[in-house]
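Biologist: I've got a new model open and I'd like to get a feel for it. Could you walk me through it?

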Amino acid sequence: MLIISVITIFFLGVIAYQDFTERLISWIFFPIVGTLLVVNQLYQPYISITFSQFYINCALLIFMLFLTTVFYSLKERKIVLIFQKYMGVGDVLAMGLVCVSFSPINMLLCLLGSFMISLVVAIIFKSLRVHSTIPMAGVISILIAIVIITEYGNTYINKANDYAIPSFIINNF
């Protein structure tokens with residue numbers, strides 16, 4: 001369904017634009033994009049993301065957020081709520097979009113890639129003295145849009161297959 005993908009990419013662009021410019025994202029875009037991603041998965045000719053993969057992705061995300069909370073709590077020697085100081089709710093909602101979109105290994109690769117890109121963006125913003133916060137949700141949205149676009153142009157990339165994207169990376173880079 002090309003039209004669903006185009007609409008999804010549009011809303012992902014809106015999320016990225018809001019995050020890069022205002023550092024605030026309207027919450028309504030996340031359920032819209034999540035619904036579009038699920039509908040898009042239902043119409044794919046290949047194996048779509050199953051509920052078990054979605055649950056594994058959610059468990060991995062919760063574990064990562066727990067480890068982040070433990071890290072900052074140990075660092076500051078008190079219980080730290082990461083959503084009050086270190087991460088925005090929009091960042092976690094964007095990570096939730098990754099849970100809906102990708103198989104577990106591809107989800108980890110996508111999050112790793114978005115973390116690395118966000119680090120580069122943060123370094124650039126810090127050197128330009130533009131913003132003090134990192135636009136994680138915007139970077140994740142752009143990365144999801146890039147994967148959706150490349151999925152249509154390349155039958156080798158399949159975000160629902162745990163072996164397709166790593167094999168593509170190994171064979172082409």
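Modeller: Sure, and let's sort out charges before anything else: Lys and Arg count as positive, while Asp and Glu count as negative. Also keep in mind that this is a predicted model.

Biologist: How far apart are the mean positions of the positive and negative charges of the protein chain?

Modeller: Take the 8 positive charges and find their mean position, then do that for the 6 negative ones. The separation between those two mean positions is 15 Å.

Biologist: How many helices and strands does the protein chain have?

Modeller: Read the elements from the N terminus on and you get α-α-α-α-α-α-α-α. So the count for the protein chain is 8 helices and 0 strands.

Biologist: What radius of gyration does the protein chain have, and does that agree or disagree with a compact globule?

Modeller: The chain has 173 residues, and a compact globule with that many would come out near 16 Å. The C-alpha trace spans about 50 × 35 × 30 Å along its principal axes. The radius of gyration agrees with the globule value, at 16 Å.

Biologist: Is Ile32 buried, partly exposed or exposed?

Modeller: Ile32 sits in helix α2, which covers residues 29–42. Its relative accessible area is 29%. Buried needs under 20% and exposed needs over 50%, so Ile32 is partly exposed.

Biologist: What distance separates the C-alpha atoms of Ile32 and Leu143?

Modeller: Along the chain, Ile32 and Leu143 are 111 residues apart. In space, their C-alpha atoms are separated by 17 Å.

Methods
Residues are numbered from 1 along each chain as its sequence is written. This is a predicted model: local features need pLDDT of at least 70, side-chain atom pairs count only at pLDDT 80 or more; totals for chains, interfaces and linings use all residues. Side-chain values use heavy atoms; hydrogens and water are left out. Helices (H or I, at least four residues) and strands (E, at least two) are DSSP runs, numbered from the N terminus. Buried means under 20% relative accessible area, exposed over 50%, partly exposed in between (1.4 Å probe, protein chains only). The radius of gyration is taken over C-alpha atoms; the globule rule is 2.2 Å times the number of residues to the power 0.38. The place of a charge is taken as NZ of Lys, CZ of Arg, CG of Asp or CD of Glu.
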